[in-house]
Amino acid sequence: MATTSLAKRPVVVSGPSGTGKSTLLQRLFANHPQTFGFSVSHTTRTPRAGEVDGVNYHFVTREKFSSMVTQHEFIEWAEFSKNFYGTSIQAVKDVMQQDKMCILDIDMQGVQSVKKTDLNARFVFIAPPSTQVLEERLRGRGTETEASLQLRLETAQKELAYAEQPGAHDKIIVNDDLDTAYQQLEDFIFRNV
Ligand code: ADP
Ligand code: 5GP
């Protein structure tokens, strides 16, 4: 059955900051704890309220991050909104070793890098219903300063433009109604539709 081979392929979730990636993925992991594993990235950004080191991210200093780059510990890494983010080889291995499907939440640069690797990933883009709604969500989340919010919105335009290129992603889901978007995400992950 098709799901057997799908089960072996990592899924890369990307989309503008504030579009709802973490919200959708939290639900996915809560609903299927034995099926999926999250690739826990390293980042130099400060933890937000409620974020747990080693769960949401490995929060590291710039020095530590640089040394990991030098030691070739990352599959990919990128600068996003004045911080560094990277997927370590170990993070993906940790999930694979548990025999779970690996889910990566990474930015557009990460998507482009992963495409050049042998991870054989599938790519899903989570789009906001509009840029206005995106801004409302980002503001509503209450995690950004005005400057970092503006930077994230600028970057969002680039991510949206990239997503319009044919073949950039295997699936685009508009996260308007959360339940509908979640169902579409499950359909893509389990049935590739
Ligand atoms: P991302 O991980 O893509 O940066 P989040 O998952 O943190 O985005 O979502 C940003 C904000 O939008 C959060 O406050 C979240 O509760 C809210 N949100 C996510 N999806 C929806 C939705 N479908 N409708 C309304 N609000 C949403
Ligand atoms: P946030 O700071 O909101 O958690 O994440 C900002 C952006 O960084 C998001 O687009 C998220 O997908 C991306 N991101 C998180 N981890 C990684 C990573 O390991 N590599 C790359 N390239 N981007 C990442």
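A polar contact is taken here as a pair of N or O atoms within 3.5 Å; within protein, one must be able to donate a hydrogen and the other to accept it, and residues adjacent in sequence count only if both atoms are side-chain atoms. The model is predicted: local features need pLDDT of at least 70, side-chain atom pairs count only at pLDDT 80 or more, and totals for chains, interfaces and linings use all residues. Residues are numbered from 1 along each chain as its sequence is written, chains are lettered from A and ligands numbered from 1 in the order in which they are written, and side-chain values use heavy atoms, with hydrogens and water left out.

Ligand 1 is surrounded by 13 residues (a residue is near a molecule or strand if one of its heavy atoms lies within 4 Å of it). The closest are Gly 18, Lys 21, Ser 22, Thr 23 and Arg 141. A polar backbone atom of Thr 19 is 3.3 Å from an oxygen atom of ligand 1. Ser 22 places a polar side-chain atom 2.7 Å from an oxygen atom of the ligand. A nitrogen atom of ligand 1 is 2.9 Å from a polar backbone atom of Asp 176. On its own, ligand 1 has 560 Å² of accessible area, and the protein covers 74% of it (Shrake-Rupley method, 1.4 Å probe; for residues, only the protein chains shown count as cover).

Ligand 2 has 16 residues around it. Ser 41, Arg 45, Tyr 57, Tyr 85 and Asp 105 are the closest. An N or O atom in the side chain of Tyr 57 lies 2.6 Å from an oxygen atom of ligand 2. For Asp 105, a side-chain N or O atom is also 2.6 Å from an oxygen atom of the ligand. A polar backbone atom of Ile 106 is 3.4 Å from an oxygen atom of ligand 2. Taken alone, ligand 2 exposes 510 Å², of which the protein buries 96%.

The UniProt record, an unreviewed entry, places the feature "domain: Guanylate kinase-like" at residues 8-190 (positions in the numbering used here, feature names shortened; annotations may be inferred rather than shown by experiment). The span is 44% helix and 21% strand (DSSP runs numbered from the N terminus: helices H or I of at least four residues, strands E of at least two). Its end C-alpha atoms lie 11 Å apart.

One open sheet has 5 strands in the order S2-S7-S1-S8-S9, with parallel pairing (two strands pair if DSSP finds at least two bridges between them). Strands S2 (36-38) and S9 (171-174) stand at the edges with a single partner strand each, so one side of each has no neighbour in the sheet. The twist averages 25° from one strand to the next (axes are lines fitted to C-alpha atoms, for helices over the stretch in contact; angles run from 0 to 180 degrees between N-to-C directions). S1 (residues 11-14) and S8 (residues 122-127) pair in the parallel sense over 4 bridges. Val 12 has Phe 123 as its bridge partner in S8. Helix H2 (residues 21-31) lies across S1, S2, S7 (101-105) and S8 (contact means heavy atoms within 4.5 Å). H2 runs at about 160° to S7.

A second open sheet has 4 strands in the order S4-S3-S6-S5, with mixed pairing. Strands S4 (58-59) and S5 are at the edges, each with a single partner strand, so one side of each is left without a neighbour in the sheet. S5 (residues 74-80) and S6 (residues 83-88) pair in the antiparallel sense over 6 bridges. Phe 80 has Asn 83 as its bridge partner in S6, and Trp 77 stands opposite Gly 86. S5 and S6 form a hairpin with 2 residues between them. In the turn, Ser 81 has a positive phi of about 50°. Helix H4 (residues 89-97) lies across S5 and S6, at about 40° to S6.
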